[in-house]
Amino acid sequence: MCGIVGYIGRQIAYPILIEGLKKLEYRGYDSAGVALLCHEGLKVVKAKGEITVLEEKVGQSFPAGNMGIGHTRWATHGAPSDVNAHPHCACTEEFTVVHNGIIENYRALRHWLESEGHRFSSETDTEVLAHLVEHYYNGDLLKTVQEAIKKVEGSFAMVVMCRGENDKLVCARRDSPLIIGLGEGENFIASDVPAVLNYTRKIYILEDGEFAVITASSVQICSAECTMLQKEVREITWDAVAAEKGGFRHFMLKEIMEQPRALRETMRGRLLNGGREINLSELNLTPEEINDISRIYIVACGTAYHAGLVGKYAMEKLLRLPVEVDLASEFRYRDPLLDEKTMVIVISQSGETADTLAALRLARSRGNKVLAITNVVGSSVSREADKVLYTWAGPEIAVASTKAYLTQILSLYLLTLYLAQVRGLLDRQELEKAGEALFALPAKVEEILSREVEIQDIAAYLSCWESTFFIGRNMDFAVAMEGALKLKEISYIHAEAYASGELKHGTLALIVEGIPVIALATQKDIIEKSLSNIKEVKARNGYVICLAQEGTEDLQNEVDRVFYLPATEDFLTPILSVVPLQLLSYYAAVARCCPVDKPRNLAKSVTVE
Ligand code: F6R
C-alpha cells in the first residue's frame, strides 16, 4: 500500500521525508519520490525501486526547502516506473500531488481533462487529481481541492502542494488512512504513525470526508462544507516496532483485520449501485469470447489454489460449465487437456510463483488465452497474462496469506456473476440478489472480527493438541482445506482436511477422545448431511468445533462449540467462514509461541520450483 509523508516547518524537509518513507517501507512499495519546495522553485525526483535508488538519484546536493511531500508507491494503475511514481504534477509544476487509494472514474476524468487541453505524462489514476486541482484553481487551495474532490469517485488519501501558496499543505481523505503529526513550529502528514514517531507522539487522525490545511504553526481541519472541526489530539504510546504493525502484535493479525477494507477496495468500481450492477469491462472480454467458453481451468498453488476450489463450486453452480482446478506444480507436468474453448485462469497473490508462472506459459504456448487474478501490478504473471483482474488487497507481508485469499475468492465471484450476466444465465432479480449479498459481506466480516474473543477461547483448547481435522462438504470442504493449511503452517499443529463424507472411509480410525475436529456446516441445503458426519465424530468422543450460519441454532446441541456466522447466501459463505479459521490459527500459533509472521522453512514468494 502506498505511503505518504508530508512536512512543513523550520527544518530541511528532504531528510525528514526520506526517513518517514523508510519507516513506511513495511507497507510494501515498488517506487518512491519526493517533491520539495524551496527558493529556487519546485524539485521533483522519482525513481523505480528502493528508496536508496531515489537517494542516489537526488545525491548529496538536495534542495534546502522547508516543505515537501514524499511517497512510496505500490502500483495499481500503470506498472512500476519512474514516470508513474508519485508525486505527480499537473501541466505545469504549480501543483504537486501524492495519493493513496484508487480513483475509479479516472478514465472518464482523464478523457474530459484532455479534451480541456490538459496533457498527461503518466498512466496513473493519481495524475487526474493534479490536473483537476489545476483546472479548478481559484486562488484558494483548500476550496479548490474541495471542489475538485466532488468530481472524484473512489478512495483517496492525498496531499497537495501549490507553488503559489508555499506556506501550506492541503490534504484530504476518503477511505484511505491519513494522520497529521503535531510538532513545535513544524507539522507532519503521513499514511501511518511510524513515519512521524521520531518527531512527535501527538497526532490527529483524519476521518473520511475531512480536509486539513497544514502550515508550520497551525493545523486546521474542516468538513466538506467548510465547517471547522475540533479534533481530539491522540497520544501515541506504541513503540516503533508495534507502530509499524498499526499497533498489532503481528502483520498477520493486522492483515486479517484489514480484510473488510480489502474486500471493499476489490469491489470498488466493479460492484456498482449497492451490488445491483457488475462491471468487469476492464477485462475487455467480448460477448462472443464469453459465450464461447465451454470449460474453465483454474491453476494456482497453496492458498490461491484453495481460492480456486471455492471458485469451482461457484462457477459450476451459476455458470453450469465444467470447472477443473489444478495445482500449478501438477498442471505443468501432466500434459493438460486444453482446447481453444477452455478459459484458463491462474491465481497468484505475488504474481511471481514459479509453478504458476510456468503453468501460465504452458497454457499460452498451447494457444489458450490466460486470465490472471493477482495482487501485484507489474508482476511477471500480470505482464504475461492476456487479461488481468487485480485483487486490491494491498501488500501482504505475513507469510500466511489471509487478505489476498479473501479478495481472490471475491474476484472469482465477481467474474462468475459477470460471465453469468453476459451469458444471460441469471435474470435481473437473481443477479441483483447475488450482487447485493456480495456487497454486504465486508460489514459481515467486520462483525466476525469484532467477536475475536470467542475464537481466542477456542484456540486455547486447540493449541494443546498436536493433531486436528477439518471437515466440510462442497464449498465447506474447500474452506476446510484452507483452514487446515493456515493452522499447520503457522502453529505447526498437524491438520488434515477431509470431505465430511470421506471420514468413514478411513480417517475415522484417528478420532480419539477430545481430538479437535473443526466442522464447517454452512451450507443450509445439505445441513442434515453435515450433521450426520458431525454425529459420527461425536460418537467417537471427538471435540467438535462447528461453524454454521445464524439460523441453524439447533446445531449447538450436537457439538461442543459453535461459532455462528452472519447469515448470507450459501454460495458466499467461504468469505465469512474462513475468517474465524484464520483467527483460530493465529491465536493457536500465538499460544504456542510460534513466529507467526515468518513460519519456519517458508517464504512469502516461492520463485523457485
Ligand atoms: C499460504 C500461502 C501459500 C501461497 C502460495 C502461492 O498461506 O501463502 O500457500 O498461497 O505459495 O503464492 P502466490 O499466491 O503468491 O502465487
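Which residue has a polar side-chain atom 2.4 Å from an oxygen atom of the ligand? Select Glu489 and you have found it. That is a polar contact, meaning a pair of N or O atoms within 3.5 Å; within protein, one must be able to donate a hydrogen and the other to accept it, and residues adjacent in sequence count only if both atoms are side-chain atoms.

Before moving on, some housekeeping. You are looking at a predicted model, where local features need pLDDT of at least 70 and side-chain atom pairs count only at pLDDT 80 or more, while totals for chains, interfaces and linings use all residues. Residues are numbered from 1 along each chain as its sequence is written, and side-chain values use heavy atoms, with hydrogens and water left out.

**Stop one: the ligand**

Stay with the ligand and add Ser350, which puts a polar side-chain atom 2.6 Å from a ligand oxygen. Now pick Gln349: here a backbone N or O atom sits 2.6 Å from an oxygen atom of the ligand. On its own the ligand has 400 Å² of accessible area, and the protein covers 89% of that (Shrake-Rupley method, 1.4 Å probe).

Next, show the whole shell of 14 residues, each with a heavy atom within 4 Å of the ligand. Ser348 and Thr353 are also among the closest. Colour the helices H10 (302-319) and H18 (475-491), the elements that give two or more residues to this shell; H10 gives the largest share, three residues. Helices here are DSSP runs of H or I, at least four residues, and strands are runs of E, at least two, numbered from the N terminus.

**Stop two: helix H5**

Jump to residues 141-149. Seven of the nine residues in this helix, H5, are buried (under 20% relative accessible area, 1.4 Å probe, protein chains only), so the rest of the structure largely encloses it. Leu141, Val145 and Ile149 are among the buried ones. For part of what covers them, show helix H4 (127-136) and strand E6 (95-100). At the helix start, a side-chain oxygen of Asp140 comes within 3.1 Å of the backbone nitrogen of Leu142.

**Stop three: the cysteines**

Looking for disulfides, pairs of cysteine sulfur atoms within 2.5 Å? The count is zero. Select Cys2: the nearest cysteine sulfur belongs to Cys171, 16 Å away. Cys2 is buried, at 8% relative accessible area. Finish at Cys593, which is exposed (over 50%) at 70%. The closest cysteine sulfur, in Cys594, is 7.5 Å from that of Cys593, too far for a bond.

Technical notes: Contact means heavy atoms within 4.5 Å. A disulfide is a pair of cysteine sulfur atoms within 2.5 Å.
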